[in-house]
Amino acid sequence: MSCDIDYRYRRALQPDGLTTFENALRALNEAVDDVRLAGRKVGSCPAVLLLTRHLQRIADGRPTECEADDQALRSQCIERLAELKHRPAIIALVKRGIDYRPEELRHYRREGTRALRQIAAGIGLEHADYRISYYTSQEQLAGEHVLEAEGIYVRISPERFGEPGLAWRNPFWKPPGAVMRKAPITALADIPALTARIARELKIAPPAQPGLI
């Protein structure tokens with residue numbers, strides 16, 4: 001499956017933390033990996049081109065601030081971010097692997113929380129009705145995101161040892177959620193469909209529709 005990730009676009013637009021040649025080179029190499037994962041052309045990716053310019057400025061000892069001729073590439077990055085707004089980057093992160101990569105782990109934590117919030121909203125839960133937690137045995141390893149509310153438990157985790165990245169059940173193992181149901185992390189590519197499936201299998205009533213006046 002090809003799946004794009006918004007991280008390289010955000011990084012290219014705000015490369016403030018890439019102050020050394022080594023860090024900038026690593027960011028560029030990771031952007032190239034992301035492009036290949038997405039099945040796109042490396043040479044035409046605006047994020048890769050911006051990060052390449054940033055690396056060259058560091059190598060030349062020039063200021064790394066955005067220059068006038070960067071604007072077209074920056075605009076392309078912004079447009080691509082808008083396109084990816086509703087496509088969880090967590091899919092690409094999990095597929096690539098994120099253990100022992102601090103920046104990717106931070107991104108994974110953010111994206112996992114965002115995906116669970118979207119699922120909660122799709123089910124009709126208010127913010128006060130659910131809790132989202134994150135558990136990991138070591139800070140260097142990707143952990144599990146867990147959404148818990150009345151009648152529902154949803155888990156997002158890295159796909160290790162063949163274990164699917166998504167799982168859901170009743171939090172107290174009560175029917176119809178007495179069995180842990182699972183799906184690959186790629187199911188997050190269509191969160192409305194995934195949410196409908198979870199609600200259907202756990203027999204959660206759809207959110208009430210506002211009355212017509």
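**Exercise 1.** In this predicted model, work out whether tyrosine 108 is buried or exposed.

*Solution.* Start with the relative accessible area of tyrosine 108, which is 0%. The cut-off for buried is under 20%, so tyrosine 108 is buried.

**Exercise 2.** Find the aromatic pair in the structure and classify its geometry.

*Solution.*
- Step one: search the whole structure, and one aromatic pair turns up.
- Step two: get the ring centres of tyrosine 108 and tyrosine 134, which lie 6.3 Å apart. That falls within the 6.5 Å cut-off.
- Step three: take the angle between the planes, 70°. Over 60 degrees counts as edge-to-face, so that's the label here.
- Step four: place the partners. Tyrosine 108 sits in helix 6 and tyrosine 134 in strand 1, 26 residues apart, so the pair links distant parts of the chain.

**Exercise 3.** Check the length of helix 6 against what you'd expect.

*Solution.* Helix 6 covers residues 102-123, which makes 22 residues. At 1.5 Å a residue, they should span 32 Å. The end C-alpha atoms are 32 Å apart, so the two agree. Right after the helix comes glycine 124, with a positive phi near 100°.

**Exercise 4.** Which element gives the most to the largest nonpolar core, and which residues touch the most other members?

*Solution.* The core holds 33 residues, and Ile119 and Leu188 touch the most other members. Helix 6 gives the most, with seven residues. Now zoom in on isoleucine 119: leaving aside neighbours within four places in sequence, its contacts include Leu147, Val154, Leu188 and Ile198. Don't merge in the second, separate core of 21 residues, which includes Ala27 and Cys77.

Note on methods:
Residues numbered from 1 in each chain as written. Predicted model: local features only at pLDDT ≥ 70, side-chain atom pairs only at ≥ 80, totals over all residues. Heavy atoms only, no water. Helix = DSSP H or I, 4+ residues; strand = E, 2+ residues; numbered from the N terminus. Expected span 1.5 Å × (residues − 1). Phe/Tyr/Trp six-rings, centres within 6.5 Å; stacked < 30°, edge-to-face > 60°. Buried < 20%, exposed > 50% of the residue type's maximum accessible area, 1.4 Å probe, protein only. Core = buried A, V, L, I, M, F, W, Y, C linked by side-chain atoms within 4.5 Å. Contact = heavy atoms within 4.5 Å.
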